[in-house]
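I opened this notebook to record a series of look-ups in one model. The entries follow in the order in which I made them.

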Amino acid sequence: MTRTLLSLGHGYTARFLSRLLCSEGGWRVIGTTRSERGIAAIEQSGAEARIWPGSDLAADISVATHILVSIAPDPDGDPVLRSFSNILASATRLDWVGYLSTTSVYGNRNGGWVDEDSELLPTTERGKLRVEAERRWQELAAESGLPLHLFRLAGIYGPARGPLHKLLGGRKVRVVRSGQHFNRIHVADIARILCASMDKPESGAIYNVCDDLPARSEDVMKFAARLAGVPAPATVEFAEAELSGMSKSFYSESKRVRNRRLKSSLAPKLQFPDYEAGLTALKQELDGMKGGSATGPPVK
């Protein structure tokens, strides 16, 4: 029996997941994009494309067995809930709904440890919006029986994304903030974890999706530079760096995130348990591409 995944916000992670599902067979994937410019990338991932906002997704929701939400909340709340709360509440075929959140919901812990039972103490506007979105999704699930699963993602990296890609693209500086630690997660592990959850749904579950080794950004960049065979970029202190709003919110927080629930329920062993394993694999993949033997699904 074919299962149907409706992917709302079919971006980097969702496209990787789509390739994995479509390679396994037995899946129909529908992905949304905000404009025609995103259609080609969706179709390359094996999914059918929809432009949203701009098209009516009621029919797609009605046939979906699985829904993945990757769209971030805005100051007015969660866009998906604003548009589809009633339709989602009455959907009859859903076996699984996954909401991709972020570890920013825990806020700054000055390097301390957090797990899924830790109090949510967001310190950035981005984190506060995520906490509110999670709460609204949980309310809808409690009222309607929606089979909701929350995934709090650490910093995502993978093909064409992350420190190695930035260095090879000519990055000249690395931001340093004393004592800052954070976790990462390779996009391939996210896809495997989402697949495992789809195969073993546990309505109401919350998972920290992160690697086993919280580390300092400067240490990661040094390792990536050694792999790339380039000098480590010059350092600039966080207080003096010119950063985007997203980057500022990232560097303003420091915490170590535990993934024990993930390990006990879905993924006893990560493919890339730390940044060294993940970046080494990405470098080998790049070398293979140069030699005409790339491995792994490309991510545009």
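The entries below cover cysteines, two helices, aromatic rings, one asparagine and some backbone angles.

**Entry 1. Status of the model.** I note at the outset that the model is predicted.

**Entry 2. Cysteines.** I asked how many disulfides the count gives. The count comes to zero disulfides. I then looked up Cys 22, whose sulfur is 10 Å from the closest cysteine sulfur, in Cys 195. A disulfide requires two cysteine sulfur atoms within 2.5 Å, and the separation of 10 Å is therefore too far for a bond. From the other side, I recorded that Cys 195 is in no disulfide and that its nearest cysteine sulfur is that of Cys 22. I also looked up the accessibility of both residues. Cys 22 is partly exposed, at a relative accessible area of 31%, whereas Cys 195 counts as buried at 9%.

**Entry 3. Helix H1.** I checked the length of helix H1, which covers residues 12–24. Its 13 residues should span 18 Å at 1.5 Å a residue, and I found the end C-alpha atoms 19 Å apart, which agrees. I then listed its buried residues: Tyr 12, Thr 13, Ala 14, Arg 15, Phe 16, Leu 17, Ser 18, Arg 19 and Leu 21. Just after H1, I found Gly 25 with a positive phi of about 85°. One further item concerns Tyr 12: the charged end of Arg 161 sits over its ring, 4.9 Å from the ring centre.

**Entry 4. Helix H7.** I repeated the length check on helix H7, residues 187–199. For these 13 residues the expected span is 18 Å, and the end C-alpha atoms are 19 Å apart, in agreement. I asked why H7 can be called largely enclosed by the rest of the structure. The reason is that ten of its 13 residues are buried. Among them are Val 187, Ile 190, Ile 193, Leu 194 and Met 198. Cys 195, from Entry 2, is also one of the buried residues of H7.

**Entry 5. Aromatic pairs.** My search of the whole structure returned five aromatic pairs. I examined two of them in detail.

Tyr 99 and Trp 137 form a tilted pair, with 5.8 Å from centre to centre and 35° between the planes. Tyr 99 lies in strand S5 (residues 96–102) and Trp 137 in helix H5 (residues 125–144), so this pair ties together parts that are 38 residues apart in sequence. I recorded both Tyr 99 and Trp 137 as buried.

For Phe 151 and Tyr 207, the ring centres are 5.6 Å apart and the planes are at 25°, so I entered the pair as stacked. Phe 151 belongs to strand S7 (residues 148–153) and Tyr 207 to strand S11 (residues 206–209), so the pair ties together parts that are 56 residues apart in sequence. Phe 151 and Tyr 207 are both buried. I also noted that ring pairs link Trp 96, Phe 151 and Tyr 207 into a cluster.

**Entry 6. A second charge over a ring.** Besides the case of Arg 161 and Tyr 12, I found that the charged end of Arg 184 sits over the ring of Phe 182, 3.7 Å from its centre.

**Entry 7. Asn 259.** I located Asn 259 in the loop between strand S13 (256–257) and helix H10 (260–265). Is Asn 259 buried or exposed? At 8% relative accessibility, Asn 259 counts as buried. I then looked up its polar partners. Its side chain reaches the backbone oxygen of Asp 211 at 3.3 Å, and a polar contact of 2.8 Å joins it to the side chain of Asp 212. Leaving aside residues up to four places away in sequence, Asn 259 touches Asn 208, Cys 210, Asp 211, Asp 212 and Leu 270.

**Entry 8. Backbone angles.** I looked up a cis peptide bond and found that it joins Trp 52 and Pro 53, with omega about 0°. Pro 53 lies in the loop between strand S3 (48–51) and helix H3 (58–63).

I then turned to positive phi values in residues other than glycine. Asn 110 has phi near 50°. I placed Asn 110 in the loop between S5 and strand S6 (113–114), and with 65% relative accessibility it counts as exposed. Ala 160 has a positive phi of about 65° and lies in the loop between strand S8 (155–157) and helix H6 (163–168).

Conventions. Residues numbered from 1 in each chain as written. Predicted model: local features only at pLDDT ≥ 70, side-chain atom pairs only at ≥ 80, totals over all residues. Heavy atoms only, no water. Buried < 20%, exposed > 50% of the residue type's maximum accessible area, 1.4 Å probe, protein only. Helix = DSSP H or I, 4+ residues; strand = E, 2+ residues; numbered from the N terminus. Polar contact = N/O pair within 3.5 Å; in protein donor to acceptor, adjacent residues only side chain to side chain. Contact = heavy atoms within 4.5 Å. Expected span 1.5 Å × (residues − 1). Phe/Tyr/Trp six-rings, centres within 6.5 Å; stacked < 30°, edge-to-face > 60°. Lys NZ or Arg CZ within 6 Å of the ring centre and 35° of its normal.
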